[in-house]
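Please open the structure in your viewer and keep the sequence panel visible beside it. The tour below proceeds by selections, and each stop describes what is to be found there.

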Amino acid sequence: MWRVKVSVRRRPGLSVIRGLLSLALLWGLLLTVGAPAWAVIEAVPLERLHVHDVILLPTVRSQYQVTFTKPKTWQISPSSRILVEFQHSHELLPNRSWLQVIVNDKVISHTPLTRENATGTRLTLPLPVALLKDFNTLTFRVEQHYTDKCEDPLDKSLWTQILPATQIVFDYTPTAPVVNLNTYPYPVIDHLTYSPAKVHFVMGRNASAREFQAAAYINTHLAQEAQQHELFSRLTFGNPAGPSDEHLVFVGTPDHIPDVLRFQSAFGDFALQGGQWVNRRTGQALSPEQGVILFFRAPDSNAKAVLVVSGNSDQAVFKAAQYLTTRPKISDLSGVSVAVPEGWSPPGSSSAKVPRYIESHTRTFRELGFGIEEVHKINAPPITYHVPVVNDFREGGKLWLDLNLSYSPNLNPEFSSLELRMNDVSIGNIPLTNPAGEQGKRVSVPISHELVRTRNNLVAQFHLMPEKYGWCVDNYVDNAWGKIMDDSQIRVEGGKSGLPDVGLLNGTMYPYSKEDHLQNLHLVLPNNPSAELLNAMLGFTTRLGRATLADTDLRFGLSMGDAGLPGDKNLVVFQPAGLSWKLPDGARLAWKKGGLNLWSLLELPEPNGKVLSELMELAQGASLEQYRQGNRVISVFTSVDPAGFNVIAKLFNSDKAFEQLQNGFLQQLSKITPGLNAVDGIQYHTEEKDAGSWWGHWLNWLKNLPWFNIIAGLVAAFFALIILPFLIGRFLRR
């Protein structure tokens with residue numbers, strides 16, 4: 001072996017150059033072999049586990065359970081931990097009082113409740129990684145006593161609180177998910193993750209109505225699969241660049257999505273040649289009616305999936321979207337690529353499910369998505385049912401709550417009952433008086449239409465007092481329980497279905513979501529829509545998909561321009577300001593991109609046309625007009641500034657923004673017009689012609705304030721007594 005000795009004279013900066021060369025070499029190696037998986041730490045507080053307040057654990061025995069998930073792509077390290085922050089009563093006896101933390105029914109911590117840990121105490125517990133499954137339970141259980149002798153089990157000194165700072169800290173290494181058509185829509189939609197699903201649609205600026213309809217179908221289907229999991233979708237024209245956690249969806253013919261060519265090696269059985277999709281094996285082009293679907297992992301990211309919905313014509317693109325979104329799921333989807341079989345058409349099946357809201361038909365709890373609920377012990381937690389209602393029942397209709405309930409024996413009849421509340425108002429209190437308990441007890445309770453809202457909280461609170469309950473109970477066995485069966489129902493009696501609240505402002509998206517296949521919905525886009533406008537359309541279909549529970553194919557329509565629109569379908573129109581849509585007068589909502597007036601209403605009229613209250617008209621931003629035309633509903637989104645459509649997209653994409661509209665703005669509106677149901681107030685009434693100018697709207701708003709005349713008088717007096725004499729004096733001195 002020859003050895004060559006090279007003498008190098010050191011020069012200033014040589015070490016820096018060597019360092020840079022080493023870094024370049026290391027970077028090249030990383031690019032060659034693939035970047036390593038880096039450890040990630042993610043803290044999941046109780047709020048992200050749907051616990052929005054302090055957890056109170058009262059009485060002598062109590063527990064609270066939350067659920068958490070283990071994402072499939074997380075390789076969790078044993079250094080992961082649970083941080084429990086708690087406080088408790090100073091009156092507890094440490095030798096008889098303790099807090100247990102339990103994961104999947106295994107106790108991982110047993111802590112005596114002493115005076116030393118009564119306030120602001122934090123426990124750091126190792127997360128038992130070996131016990132974890134896809135879905136897991138975290139339970140906090142207490143035993144509490146304030147005396148060794150005569151004890152009241154409901155004494156107010158018996159309490160422990162789990163504080164909101166409690167969290168699970170995951171230390172994990174991300175792994176690559178499996179990506180193929182067998183798993184679709186996973187990993188785009190992954191119910192085990194703690195982050196929203198993010199989808200980036202890439203389309204051509206000159207895409208046809210069929211291609212935009214294909215994108216709307218795909219996004220609606222993803223939202224239906226997501227359900228309670230948040231989905232954020234956005235669209236750009238021919239620019240696939242974006243964050244690493246955004247999944248890519250290319251929709252269009254090959255000439256509209258040329259950037260997809262960079263993924264050519266991942267196309268499986270198909271290839272792009274001369275701007276046409278061809279079978280890689282035979283070299284033959286697909287027919288103009290035959291769409292192609294590709295689903296694979298992005299080469300530059302282990303976490304990013306790429307979906308391509310394409311074809312050699314816009315009709316083929318749309319058919320590929322129909323094929324991908326047809327329910328029940330197509331068993332032929334496998335591998336990374338599939339072509340729609342020639343001659344295929346949607347099956348036209350109907351869903352076996354009923355709408356999960358109350359309109360004009362009686363619905364059982366089971367049909368509304370509620371299961372059998374059973375609670376235990378003296379401090380049984382309330383059972384809460386979220387019941388959407390889209391009929392105001394003011395025209396002779398009536399609602400009844402028909403309960404099928406059971407409860408345990410040996411209850412004290414003087415103190416035991418089932419309390420029922422609708423939207424925080426008591427509607428009934430059912431005594432539990434049978435010493436032997438009861439099975440299948442049936443009770444009917446009327447629900448006043450004055451209590452009914454679009455989104456309702458029905459609360460059933462069992463008060464279960466043991467038979468020997470008293471002010472001095474040394475020892476007792478608390479085996480009390482109460483149960484509500486899923487064949488309980490909300491019964492609709494008489495009356496016709498009145499016009500419901502505006503659906504875009506509540507969780508049901510009624511009436512657009514009334515049919516599970518959405519066939520009575522038609523979307524309208526302008527010619528040459530902007531990306532911002534299309535983002536608003538995607539946001540609407542996201543909220544619509546998450547509000548429906550379809551198990552059939554999608555059938556809603558989409559067209560561009562205002563010609564040839566169906567006259568018998570509900571319309572949702574997206575248009576820039578200034579188009580020549582001839583709209584009847586209707587209630588209008590307007591949005592501003594920021595500032596104090598985030599949500600502003602232009603007109604809030606009574607049915608007779610008199611304006612009760614008016615807020616400032618926004619010169620720019622986005623607005624929503626909604627009105628009824630015969631038996632259909634029309635909603636029109638307009639924006640002077642294209643960026644205003646991004647505000648609409650955020651409204652529908654983000655749960656917090658959507659709740660801000662409902663719980664923030666509408667409550668504020670109710671205060672402005674006392675006694676008025678704010679949601680009803682923006683139904684389809686005829687509004688007076690507005691003043692037309694920005695100043696006119698301000699003046700009208702001021703005039704409607706109850707103290708307007710007083711302020712106007714004070715201003716006039718100030719001007720007459722002070723300002724006017726001052727001006728006259730200045731003039732005379734000249």
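**First stop: a pair of helices.** This is a predicted model. Select helix α4 (residues 531–547) together with helix α5, whose axes come within 7 Å of each other and cross at roughly 15°. That angle is under 35 degrees, so α4 counts as roughly parallel to α5. The crossing of α4 and α5 is left-handed.

Now display the side chains where the two helices touch. On α4, the contact is made by Glu-532, Leu-533, Asn-535, Ala-536, Gly-539, Phe-540, Thr-542, Arg-543 and Arg-546. On α5, the residues that take part are Phe-645, Asn-646, Ile-648, Ala-649, Leu-651, Phe-652 and Asn-653. When reading such a list, recall that an α-helix has 3.6 residues a turn, so residues three or four places apart point the same way.

Keep α5 (residues 644–653) selected. Is this helix largely enclosed or left open by the rest of the structure? Eight of its 10 residues are buried, so α5 is largely enclosed. The buried residues are Gly-644, Phe-645, Val-647, Ile-648, Ala-649, Leu-651, Phe-652 and Asn-653.

**Second stop: an open sheet.** Next, select the strands β22, β27, β24 and β25, which form an open sheet in that order with antiparallel pairing. The edges are occupied by β22 (383–388) and β25; each has a single partner strand, so one side of each is left without a neighbour in the sheet. Neighbouring strands in this sheet are turned by 15° against each other on average, direction ignored.

Within this sheet, select β24 (residues 417–422). Five of its six residues are buried, so β24 is largely enclosed by the rest of the structure. Strand β24 pairs with β27 (residues 455–463) in the antiparallel sense over six bridges, and Leu-420 has Ala-460 of β27 as its bridge partner. Strand β24 also pairs with β25 (residues 425–431), again antiparallel and over six bridges. In that pairing, Arg-421 is matched with Ser-426 of β25.

**Third stop: the turn of the hairpin.** Follow β24 into β25: the two strands form a hairpin with two residues between them. Select Asn-423, which lies in the loop between β24 and β25 and has a positive phi of about 55°. Is Asn-423 buried or exposed? Buried means under 20% relative accessible area; Asn-423 has 7% relative accessibility, and it therefore counts as buried.

Show what surrounds this residue. The side chain of Asn-423 reaches the backbone oxygen of Leu-451 at 2.8 Å. Apart from its neighbours within four places in sequence, Asn-423 is in contact with Leu-451, Arg-453, Arg-455, Asn-456 and Asn-457.

**Fourth stop: another open sheet.** Finally, select β3, β9, β6 and β7, four strands that form an open sheet in that order, with antiparallel pairing. Its edge strands are β3 (61–69) and β7 (106–112), each of which pairs on one side only. On average, neighbouring strands here are turned by 15° against each other, direction ignored.

Which strand is joined to β6 (residues 98–103) by six bridges? The partner is β9 (residues 135–143), and the two run antiparallel. To finish, label Val-103, which stands opposite Leu-138 in β9.

Conventions. Residues are numbered from 1 along each chain as its sequence is written. This is a predicted model: local features need pLDDT of at least 70, side-chain atom pairs count only at pLDDT 80 or more; totals for chains, interfaces and linings use all residues. Side-chain values use heavy atoms; hydrogens and water are left out. Buried means under 20% relative accessible area, exposed over 50%, partly exposed in between (1.4 Å probe, protein chains only). Two strands pair if DSSP finds at least two bridges between them. Axes are lines fitted to C-alpha atoms, for helices over the stretch in contact, and angles run from 0 to 180 degrees between N-to-C directions. A polar contact is a pair of N or O atoms within 3.5 Å; within protein, one must be able to donate a hydrogen and the other to accept it, and residues adjacent in sequence count only if both atoms are side-chain atoms. Contact means heavy atoms within 4.5 Å. Angles under 35 degrees count as roughly parallel, over 145 as roughly antiparallel, 65 to 115 as roughly perpendicular and the rest as oblique. A crossing is left-handed if the near helix is turned anticlockwise from the far one by less than a right angle, and right-handed if clockwise.
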